[in-house]
Amino acid sequence: INAEYMGAKQHCNKNDLGYSRHALNSLAEMLENAEVDLFEEISAEMLKILNKEKIVPHKDENKQDVQKESAKYFLVQASAWKVISFSFPKDLEGQKKYFSTILKMIQEKTKTAVWNVKVEIMLCLKSVLNKISVHASHTESLQQILNRETIEIVLYSLIFEAIENKFAVVRQASLECPYQLMTSFTPNKLLEEDDKTQIQQKLDLLQNDTDLVNVLSLFKSLNNRPTKKIKNDESN
């Protein structure tokens, strides 16, 4: 079975950007519901794609053709993040092993990504957090994944993105991961009261952003939500 996925992976990094994007989307579909642990191999190949530089156009090339190729390049990058998202392990041990790897990739690539790729990066992180939240009752293991450093990266860097980015779709996507952290992991005491206070202070800076009305209302609803009690029991 693994050979099938690894064979599909080989078609993803081609000079024909249209072909590469089609291959990446096909691989993402294969991985979406797959029960395989190929994150290390697949993420390494995706990193090659993400690190691939745009081909510098010749001065005589048609401007419209150059723009089309540039758009394809970024669509390929967005599709690579979709593959990374679906290849991230579902099991807790795999998540403990690879979360720091994927978070480092996200940190590094978010800085220079264009808006549509940045949205896909945010969706990738949201998907990863969703997979981790399945194991929400395993508090001690979760604390190995979502330690103070990783929580601060997810919360504060993304909220800063929501404040600073000029594209509404990026600002909206940037807030979805902090919201997921607060809803899925607060009962486990992974988020401290100071976290919630600082988050709210930053969200207050966005109150006049009409593009964020719906997502900000979700954060407000958290203040009225009862806190669940979850036992610190690895056997759950």
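Let me start with Trp-115, which has its place in helix H6 of what is, I should say at once, a predicted model. Trp-115 is partly exposed, with a relative accessible area of 42%, and together with Phe-167 and Val-169 it makes a nonpolar surface patch of about 260 Å².

Turning from the surface to the interior, the largest nonpolar core holds 66 residues, and those that touch the most other members are Met-46, Trp-81, Ile-84, Phe-99, Ile-102 and Leu-175. Helix H6, which spans residues 115-133, supplies the largest share of this core, namely nine residues. So which residues does Ile-84 touch, once we leave out those up to four places away in sequence? The list consists of Phe-39, Met-46, Leu-50, Ile-102, Met-105 and Cys-124, and two of these names, Met-46 and Ile-102, you will recall from the residues that touch the most other core members.

That brings me to the cysteines. How many disulfides does a search of the whole structure find? The number is zero. Cys-124 takes part in no disulfide, and the nearest cysteine sulfur to its own, that of Cys-177, lies 9.0 Å away, whereas a disulfide would call for two cysteine sulfur atoms within 2.5 Å. Cys-177 is likewise in no disulfide, with the sulfur of Cys-124 as its nearest cysteine sulfur, at 9.0 Å.

Are these two cysteines buried or exposed? Cys-124 counts as buried because its relative accessibility is 1%, and Cys-177, at 0% relative accessibility, counts as buried too, the cut-off for that word being under 20% relative accessible area.

How values were computed. Residues are numbered from 1 along each chain as its sequence is written. This is a predicted model: local features need pLDDT of at least 70, side-chain atom pairs count only at pLDDT 80 or more; totals for chains, interfaces and linings use all residues. Side-chain values use heavy atoms; hydrogens and water are left out. Buried means under 20% relative accessible area, exposed over 50%, partly exposed in between (1.4 Å probe, protein chains only). A nonpolar core is a set of buried Ala, Val, Leu, Ile, Met, Phe, Trp, Tyr and Cys residues joined through side-chain atoms within 4.5 Å. Helices (H or I, at least four residues) and strands (E, at least two) are DSSP runs, numbered from the N terminus. Contact means heavy atoms within 4.5 Å. Patches are made of residues with over 30% relative accessible area and no salt bridge: like charges are joined within 9 Å, nonpolar side chains (Val, Leu, Ile, Met, Phe, Trp, Tyr) within 5 Å. Accessible areas come from the Shrake-Rupley method with a 1.4 Å probe; for residues, only the protein chains shown count as cover. A salt bridge is a side-chain nitrogen of Lys or Arg within 4 Å of a carboxyl oxygen of Asp or Glu.
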